[in-house]
Amino acid sequence: MTTELTVTGMSCGHCEQAVASALKNVPGVQDVQVDLQRATATVQGEAEPQALIAAVTEEGYGAQVRG
């Protein structure tokens, strides 16, 4: 399963890495690609979308499921 999130508040490479790290720690996540330019995170795996959003918001960024 692929979940794509819109992530707000990222402004640099460190932000991109922080979001990726937070998402990788969510149970069920197999792979994460964060794109600073597009303000998106693409997550592969069986993680619940709400858990992904919670992980990103705990890092201080905004997130919502795209589409």
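Here is a short chat about reading the fold and core of this predicted model.

Me: Let's start with the layout. How many helices and strands are in the protein chain?

Reply: Two helices and four strands. Going along the sequence, they come in the order β-α-β-β-α-β.

Me: And the overall dimensions? What does the radius of gyration tell me here?

Reply: Set it against what a compact globule with that number of residues would have. For 67 residues that is near 11 Å, and the protein chain has 10 Å, so the two agree. As for the box, the C-alpha atoms fill roughly 30 × 25 × 15 Å along the principal axes.

Me: What share of the residues is buried?

Reply: Of the 67 residues in the protein chain, 37% are buried. On the outside, about 3,900 Å² is exposed, with carbon and sulfur atoms supplying 43% of that area.

Me: Now the inside. How should I read a nonpolar core?

Reply: The general idea is that nonpolar side chains tend to be buried together in soluble globular proteins. In this model, the largest nonpolar core has 22 residues, and L5, V7, V19, L23, L52, V56 and Y61 have the most contacts inside it. Two or more core residues come from each of β1 (2-8), α1 (13-24), β2 (29-35), β3 (40-45) and α2 (49-58). α1 gives the largest share, six residues.

Me: Which residues is V7 in contact with, leaving aside neighbours within four places in sequence?

Reply: V19, A39, T40, A41, V56, Y61, G62 and A63. Chain-wide, among contacts with a separation of 6 or more, 58% link residues 24 or more positions apart.

Note on methods
Residues numbered from 1 in each chain as written. Predicted model: local features only at pLDDT ≥ 70, side-chain atom pairs only at ≥ 80, totals over all residues. Heavy atoms only, no water. Core = buried A, V, L, I, M, F, W, Y, C linked by side-chain atoms within 4.5 Å. Buried < 20%, exposed > 50% of the residue type's maximum accessible area, 1.4 Å probe, protein only. Contact = heavy atoms within 4.5 Å. Rg over C-alpha atoms; globule rule 2.2 N^0.38 Å. Areas by Shrake-Rupley, 256 points an atom, 1.4 Å probe, with all protein chains shown as cover.
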